[in-house]
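Trainee: Could you take me closely through one part of this structure and then show how it connects with what surrounds it?

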Amino acid sequence: MESELKTLNPNPAQIQPTQRSPPVDDNLTKDDRPLLKPEPVPPGPTQNPATTTAPDIEELEKKYAAYVRRDVYGVMGRGDLPWVEKLLLGLALVTLVPLRVVSGLTVLVLYYFICRICTAFLAPNREDEQEDYAHMGGWRRAVIVQTGRFCSRALLFIFGFYWISETHRDIVDVSFNGKFGTQVSFSAESKDQSQDSARPGVIVSNHVSYLDILYHMSSSFPSFVAKRSVAKLPLIGLISKCLGCVYVQRESKSSDFKGVSGIVNDRIKEAHQDKNAPMMMLFPEGTTTNGDFLLPFKTGAFLAKAPVLPVILRYPYQRFSPAWDSISGVRHVFFLLCQFVNYMEVTKLPVYHPSQQEKDDPRLYAENVRRLMAHEGGLVLSDIGLAEKRVYHAALNGNTSIPTVLHQKDD
């Protein structure tokens, strides 16, 4: 699952027509800037991480610091390991990995059958070319939500997150200069808000790993934005429909299709006004980082002008970092299953109620929430995004020369 929410005014001059993806929506789509300059690669042996010079590596790590791995396993998880680490991996491979794989699949299949039973003889809600079971009520919805939260926490336990440190900030008083020249002063005390007005329309969180999704499912069981292909996956497809996921579609079959951004806005407003409606959960950065940085926020979560609930996730580590930054999925899952204990720290801030100025300017709203989360979570603000992450990966994989892939970020 992923959420890549686009900023309001991209620079069209820097988007090549031949590289532009079919439009999904004005505010909710993948970053479609050109990843690599169409320059011919000079003849010679293909460059790879092993042959990259030290100055090149240092330059890459400075430019793309938000995606650099600094754990024992090195860049992209391909570093040379000491014999002690190899011994631990071998021991975990024959003990922990089989146990965790079998246990995880058991929990997943069990929850799938619970969802199958609860949705039996029911037609899914079909609106705006979406399909979900999140709006059904009664005992069916209660069983799906409660068992879903339990199974999600069980999966985290199986993956080594035996305990999760959660901090609730009931009072936040912060003053700083906003990016757009405004003075921001945010002071909130959640217990002073009425239950209705304090209910957020959407949860916004920094994005570090696919494990973020499991945590949010165990905490509040919200709806996510996902690729359309997720709905067709075995087991996961039905679960995503029970979550009420909004599927990104590249083509509309109906003339009155409002688009993913419109659907998300409606869901956010509905969740803010109706306590029984499923909550939306969005990752406004649009991609994952190494957990120490906060990327620019897309505006999709803030267009509805509803209050948001900021949540900050951190993954302290000693050997393997659970961050999904510059490492392949298979390698990441393997190392994660081999790690005996994993840690997660969660900070929940009070509900952020936008001012009238922020309601009128979603970019201002998004940036102020971002700066608040960075201040409270001790995160470093970065101005790079998904396109730079792809360029960094391409450079590490030796797809082209280092001077070619380093390009200036557009405004």
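Mentor: Let us begin with a single side chain in this predicted model: Tyr64 is buried, its relative accessible area being 0%. Its ring is paired with that of Tyr392, the two centres lying 5.4 Å apart and the two planes standing at 35°, so the pair counts as tilted, given that tilted is the class left between stacked, under 30 degrees, and edge-to-face, over 60. Tyr392 is likewise buried, with a relative accessible area of 1%. As for where the two partners sit, Tyr64 belongs to the loop between α1 (54-63) and α2, whereas Tyr392 belongs to helix α12 (residues 386-396), so the pair ties together parts that are 328 residues apart in sequence. This pair is one of 15 aromatic pairs in the structure, and there is also an aromatic cluster formed by Tyr73, Phe320, Phe334 and Phe335.

The loop that holds Tyr64 lies between α1 and α2, and α2 deserves the same attention. Helix α2 comprises the twelve residues 83-94 and spans 17 Å from its first C-alpha to its last, close to the 16 Å expected at 1.5 Å a residue. Its buried residues are Glu85, Leu89 and Ala92, and they cover an arc of only 70° around the axis, which puts them on the same side of α2. The general background is that an α-helix has 3.6 residues a turn, so residues three or four places apart point the same way. Among the elements that cover the buried residues of α2 are α3 (96-118) and α9 (329-338), while the face turned away from the buried side carries the exposed residues Trp83, Lys86, Leu87 and Val94.

For the wider setting, consider the sheet. It is an open sheet of five strands with mixed pairing, in the order β3-β12-β11-β6-β9, and its edge strands, each pairing on one side only, are β3 (164-168) and β9 (280-282). From one strand to the next the twist averages 20°. Within this sheet, strand β6 (residues 202-205) and strand β11 (residues 308-314) run parallel and are joined by four bridges, and Val204 has Pro310 in β11 as its bridge partner. Packed on the sheet is helix α11 (residues 362-377), which touches both β6 and β11 and whose direction makes about 40° with that of β11.

How values were computed: Residues are numbered from 1 along each chain as its sequence is written. This is a predicted model: local features need pLDDT of at least 70, side-chain atom pairs count only at pLDDT 80 or more; totals for chains, interfaces and linings use all residues. Side-chain values use heavy atoms; hydrogens and water are left out. Helices (H or I, at least four residues) and strands (E, at least two) are DSSP runs, numbered from the N terminus. The expected span of a helix is 1.5 Å times one less than its number of residues. Buried means under 20% relative accessible area, exposed over 50%, partly exposed in between (1.4 Å probe, protein chains only). The arc is that of the directions from the helix axis to the C-beta atoms. Contact means heavy atoms within 4.5 Å. Rings of Phe, Tyr and Trp (its six-membered ring) pair if their centres lie within 6.5 Å; planes under 30 degrees apart count as stacked, over 60 as edge-to-face and the rest as tilted. Two strands pair if DSSP finds at least two bridges between them. Axes are lines fitted to C-alpha atoms, for helices over the stretch in contact, and angles run from 0 to 180 degrees between N-to-C directions.
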